[in-house]
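Open the model in a viewer and keep the sequence panel visible. The stops below go from the whole chain to single side chains.

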Amino acid sequence: MSIENQIIKACLENDRSAQKQLYEMFSGKLFAVALRYMKDQERAKDVLQDSFVKVFRHLNTFRFDSPLEGWLRKIVVNTALKALKKNNTLTQSLEGDYMISEDLHYTNKGDENLSYRQLLSLIGELPEGCRTIFNLYAIEGYKHHEIAKMLGVSEGTSKSQYSRAKMLLQEKITEELKRVKPQKV
């Protein structure tokens, strides 16, 4: 039995040290997931805390046939989406379709690079609806029909918000690269 499975079994028996161990194993990665959806660290911490409450409440439903981290990520994503819907800003930011070409691509023309942190920061600057759908599609791997169902929007809205997110992100990357690497004179 793996160490992860041993920890899960101990958590199911309400072993506090095992619960702490599980939290410490995954809280960093899961906080990063929550932070991608929430605009600030405080809201992301709230999502993480609510997620772990759900994890410990529903750990008995975890089937050992899939990776624990994937199951935990799903809980965090769903908790973040619920928090966004609760504030009603997500629904407002998803209203209206944005028809944008799918052909937009950023081309790295040399030694221009952004760090992972810089890229996440730029994603975090996207409008809430775009950011949420970008995260769900590009990072979490959900399909547009799944996103539409999760968010209660049309599949077209999901696609157009994703296109808008890519366009805005491409603009932000270009601006950031210009800022970081001034033009040669």
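Colour the protein chain by secondary structure: nine helices and zero strands appear. Helices (H or I, at least four residues) and strands (E, at least two) are DSSP runs, numbered from the N terminus. The model is predicted: local features need pLDDT of at least 70 and side-chain atom pairs count only at pLDDT 80 or more, while totals for chains, interfaces and linings use all residues. Residues are numbered from 1 along each chain as its sequence is written, and side-chain values use heavy atoms, with hydrogens and water left out.

Next, show the surface of the protein chain. About 11200 Å² is exposed, and carbon and sulfur atoms supply 50% of that area; accessible areas come from the Shrake-Rupley method with a 1.4 Å probe, and for residues only the protein chains shown count as cover. Of the 185 residues, 38% count as buried. Buried means under 20% relative accessible area, exposed over 50%, and partly exposed in between (1.4 Å probe, protein chains only).

Hide the surface and select Tyr37, Val55, Leu68, Trp71 and Leu136. Of the 46 residues in the largest nonpolar core, these touch the most other members. Such a core is a set of buried Ala, Val, Leu, Ile, Met, Phe, Trp, Tyr and Cys residues joined through side-chain atoms within 4.5 Å. Which helix gives the largest share of this core? H4 does, with nine residues.

Centre on valine 55. Beyond its neighbours within four places in sequence, valine 55 is in contact (heavy atoms within 4.5 Å) with Leu22, Trp71, Leu72 and Ile75.

Now turn to charged pairs. The whole structure holds ten salt bridges, each a side-chain nitrogen of Lys or Arg within 4 Å of a carboxyl oxygen of Asp or Glu.

- Select lysine 20 and glutamate 24, whose salt bridge spans 3.8 Å, N to O. Both lie in helix H2, four residues apart, about one turn of the helix. Lysine 20 is exposed at 52% relative accessible area, and glutamate 24 is exposed at 52%.
- Select arginine 73 and glutamate 140, where the closest N and O atoms of the salt bridge are 3.0 Å apart. Arginine 73 is in helix H4 and glutamate 140 in the loop between H7 and H8, 67 residues apart. Add Arg36, which is linked with Arg73 and Glu140 in a network of salt bridges.
- Select lysine 172 and glutamate 125, which meet in a salt bridge at 3.4 Å, N to O. Lysine 172 lies in helix H9 and glutamate 125 in the loop between H6 and H7, so the pair ties together parts 47 residues apart in sequence.
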